[in-house]
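Reader: I would like to learn how to read the features of a structural model with some care, beginning with its charged side chains. Could you take me through them one at a time?

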Amino acid sequence: MLLFRLHWHLTPTKNFYGLGASKVGLLLTLVPIFENIPVTVVNDRGVISLAARSLHFSIRRGLAQWNIKHAGFQNLSGFAYTNRGTSEILVGGSQSSMFTVNVDRGTVIGEYSTEDDIKVMKRNPRAIVYGTGKGDVKLLDMNTFKVVREFPQAHGSTISDLDTQGNTILTCGYSPRQGTYHLDTLVKVYDLRTNRALAPVGFPSGAAFVRMHPKLSAAAIVASQAGQIQVVDIENPAAIKLYHANVTSYITAIELAPSGDALALMDADGYLQLWGSPDKLRFTELMNPVEWPEPLVLPNVAIKDDSPLNSIGMPYYRDVLLSAWPPHEIFNVNKMPQKIDADILAASATKTGYAPYHKRTPRYCIESTKHTDPPGAVPKFLSQQAKDKGSRNSGDFDDGKLLYGDESRRQFEVPPVFRKVEIKYSKFGVDDFDFEFYNKTRFSGLETHISNSYMNPLLQMYKFTPLLRNLALHHTATACTKDDCMLCQMGFLFDMLDKANGQNCQATNFLKTFSSLPTADRHGVLEEDSSSGELLSSMIQSLNRFLLDQISMDQRTWQNDSRALEEAITIGATKSQRCNICGKESRPLGDTNVTDMIYPPKHSKPVQSFSALVKQSIQMDTVQKGWCDKCQRYQQQAMRKLVRRLPKIMVFNATTNEKSLTYVREHWSTPGWLPDEIGVLVTNGQLSVYQGEDLIIMRERCENLVTFDLVGFVAEITPEEKRNTHLISFVNVAFSSTDRTEESTWHIFNDFLVTPVRKEDALDFAPKWKMPSVICFQARDPSNAIDNSWRNHLDTSLLYIDYSFGYGYSERECKSLEQHEEPKPGTLVALDAEFVSMQNEETEVKADGSRSVVRPSRLGLARVSVLRGGGVDEGVAFLDDYIITREPVVDFLTEFSGIHVGDLDPSTSKHALVPLKVAYKRLWLLLNLGCVFVGHGLLKDFRIINIHVPKEQVVDTVDLFVLRSSQRKLSLRFLAWVVLREEIQLDTHDSIEDSYTALRLYKKYLEYSDAGVLEPMLNNIQIEGMKTGFKPPPRGFLAEHRTDTPSIVQEGRSEANTPQPRGGVPKWLGA
């Protein structure tokens, strides 16, 4: 990018290799540029540069003043100053909005919609001119930023360049010819005074760049990419002068100096050419000084072989360190005054400097500002506990003080149980973390080291809403194979949480599928796309609305417009809209899945009840401006909803923001304001809501009254220092219990921290750090109970069909299941999976040089093989799926996985490729059919696959052949060598080979157990392992020393496959 500056006459450039250059006089200096910058402008204070998704301002030395990354910045391509001079700019591009930015503050101050694909933008004294991707030229009013004039179809396709000066606009661009796009041979000229086109200027080489002379109003410079330059008089196109720049590639940018005496050209090879008349080409003599960085002066230190390190000064310090200050210059100072509570300041503002006493402590006491965490708040790693003989630590979350902290400060200080919890990583990874310390219930928590895990509390609330859980699992049991079906993923997650029975889980597959939804990015519900200042409560409320809409659409799409889920969560209503002037009334549909709470005006007394607020929020009885077709203008209109149908689940968004938080808190902080049940009655479209004693009376009088119970809510926890703000959920788990009782059992779900809580504490919103975001009620109805009948209606067709993509996969060691091989409870199957690395481990180096893991590496499923565990085809695979992977793979781990580059790409792979959901659903079906999985190291495989298999359905050879004395776990390769006398994994890993080996090891284990020689065999394995370091011998060793397995004769029976120990090590082990 080329620029001339009037005062500095500085020429910053951007070349093909990503380097910038600055020319002062004849001096050329290279400076690095770290981002592709399409537009750059210099003002008196510094440089403004525009990238596709950001806007940057820095001073002349390069120091950044501000950098803006806005959610609306999608593909910016140009900007121009507005009528406010250099203090405001308008930015636009290939997107649906333009934005005004205050240059002084570095903030976005306005947004304006546009339908144009803006390619070039310039400022004219009268208006802002821009060219579009369709070849149009349009002028914007600099006050309203609306199009006031346009010249349609200046070129057949996109605008390449334009320039404007005075009353003239020059444009060049592309037009389609012979099936492709070429630069036009005409430069279009427009006169703003007459609002018409003038005679175009011919340029046979194809005009790519155009500039108007700053002093000669009729002179223009046109250039092609090949280097041809033409100086033309637009009033007399016949008067031209031709020049040619000698370039080896093609020209990428041109710029004309403000004086008009110099022309700069940049080519693709990074060369800068400066054109001009030698007697006129000069830079300003009274230029502003350039701000160069101060040179770093390093001391000269002579280092010899015998020089002590303390004489070198590593690192070198010019000033005296604080630790070396003399004692007479060190003084004790008083502690900074404690910050006044925000609630006290807010109360004093309305009472002329006085505020009510906060009543935290008696008036004759003062608060202790010293804060110490209670001991034992962080558990030891499991490996440390093993060394300390199982001693976890001194504290536990069952302790009341750890749960609720100091009672005197509870209203203002977040107790430990409500604080944000984080996973700590040792050298053994996340498996070494003691999750049981945080959860001793039978309800599983969700881990937090995954992107977008902020939605964990909302998912937990959904899971404990019986009807929503039932509908999700019934849908998952169908044959749905839609890749991005969130309802299926929700069913998978709910089933995993049920089966985990208190063990920690992770929503990896759910969050991965959710992040891939194209609509999720537009709704601002992804953590990576949200602005840093956005409240978590706003994000979770947007997510709540988005998820409920999405799963409703998923069910309609799959099950022939089924509306079972929609009817369960949607309030059927008709919106009544009547003009107050002419009286015209319209009634559009007003169905909603989520109701936003509408609060009364500020500080209204007395505080409305929750039931009154619910009625007002659903009916929306308001007066606001709207378009009236009869009056043909915006008029005051009375709006109200007429309710047609009540759902079985009602979900509310608390809809609070920082501005209204203070007076909204007055409602929630009222003791008992949120009831645990409400009654709703619909009569002729009119809604009535009752609570408390009114509900008891109306329940006896009216049979049509529907009672809704509070299932739970998601609350935002905001500490006093405003850091570590996070979300937790409070759920009454009694509604999702199979042995349904009337007693409420409230639990806190703080990610992987799960613990019971009293109902009074759950519904207490007096603490200022606690504020609800999403609230869920369900109708008291027999259908709102746990229904596990989906297990009897599993669609297992996916197990019998060859659902795969790719081409050329001919040599498959796989035979599909047949109907007579239908899996049943107890059916034995062998399983092994291979993985690739999707994300490297993130570590940080501490001041002492030690490393700590910030985020562990992330593996993705690449291949899964399932073999028959019995029958005629025992050991034959019936599933061998390679997983289609569309996200980048960091490392294929070929040595350990057997996966090569291209194996997971449908366009190049020669294997049977299936989507991740299909492979996962096949395993999920086998799990719910009651199959028993045999494998080696299955616990880690199941964790990465993101499925939980109960212990009674897992046979892990790692645990079968564990050495009793040292608890050492042996590798599959070593066990195959020492037990089966076979060599495996010679070149790489193969999931079919590994799963078949594990199956044979299990069969051997059963033989040893039946023969009563299991313990002696384990001792023999340990002796042999100690000889070889528990590693198999070099390749080919078995072929040279192979011996047959001796038979065993005991009481007249022979077992040829089971060796019998005689006097220590058997002969076949090489003793």
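Author: Let us begin with salt bridges, where a salt bridge is a side-chain nitrogen of Lys or Arg within 4 Å of a carboxyl oxygen of Asp or Glu; by this rule the count comes to 33 salt bridges. This is a predicted model, in which local features need pLDDT of at least 70 and side-chain atom pairs count only at pLDDT 80 or more, while totals for chains, interfaces and linings use all residues. Residues are numbered from 1 along each chain as its sequence is written, and side-chain values use heavy atoms, with hydrogens and water left out.

Reader: Which parts of the chain does the salt bridge of Arg-868 and Glu-821 link?

Author: Elements here are DSSP runs numbered from the N terminus, with helices (H or I) of at least four residues and strands (E) of at least two. The side chains of Arg-868 and Glu-821 meet at 2.8 Å, N to O. Arg-868 belongs to strand S45 (residues 858-868), whereas Glu-821 sits in the loop between strand S41 (770-779) and strand S42 (828-839), so that distant parts of the chain, 47 residues apart, are linked.

Reader: Is Arg-868 buried or exposed?

Author: Buried means under 20% relative accessible area, exposed over 50%, and partly exposed in between, with a 1.4 Å probe and protein chains only. Arg-868 is buried, because its relative accessible area is 4%.

Reader: What does the salt bridge of Asp-990 and Arg-863 tie together?

Author: Their side chains meet at 3.1 Å, N to O. Asp-990 lies in the loop between helix H19 (972-978) and helix H20 (991-1011) and Arg-863 in strand S45, so the pair ties together parts that are 127 residues apart in sequence. Asp-990 is partly exposed, with a relative accessible area of 24%, whereas Arg-863, at 6%, counts as buried. In addition, salt bridges that share partners join Glu-677, Arg-699, Asp-709 and Arg-780 into one network.

Reader: How should I read the nonpolar interior, and which helix gives the most to the largest core?

Author: A nonpolar core is a set of buried Ala, Val, Leu, Ile, Met, Phe, Trp, Tyr and Cys residues joined through side-chain atoms within 4.5 Å. The largest one has 88 residues, and those with the most contacts inside it include Leu-458, Phe-514 and Phe-933. Helix H6 (residues 486-500) gives the most to this core, with 10 residues. A contact means heavy atoms within 4.5 Å, and Phe-514 touches, among others more than four places away in sequence, Met-455, Met-486, Leu-543 and Phe-546. Apart from this core lies another, of 53 residues, among them Phe-435, Ile-618, Phe-652 and Leu-763.

Reader: Where is Val-320 found, and is this residue buried or exposed?

Author: Val-320 is in the loop between strand S28 (272-275) and helix H1 (342-349), and at 56% relative accessibility Val-320 counts as exposed.

Reader: Finally, how many residues score at least 70, as a percentage, in pLDDT?

Author: The pLDDT is the predictor's confidence in each residue, from 0 to 100. The protein chain averages 81, and 82% of the residues score at least 70. Among the elements, strand S3 (residues 27-32) has the lowest mean pLDDT, 34, and strand S48 (residues 932-935) the highest, 96. Over residues 1042-1071 the pLDDT is below 50, and beyond near neighbours in sequence this stretch has 50 contacts in the model.
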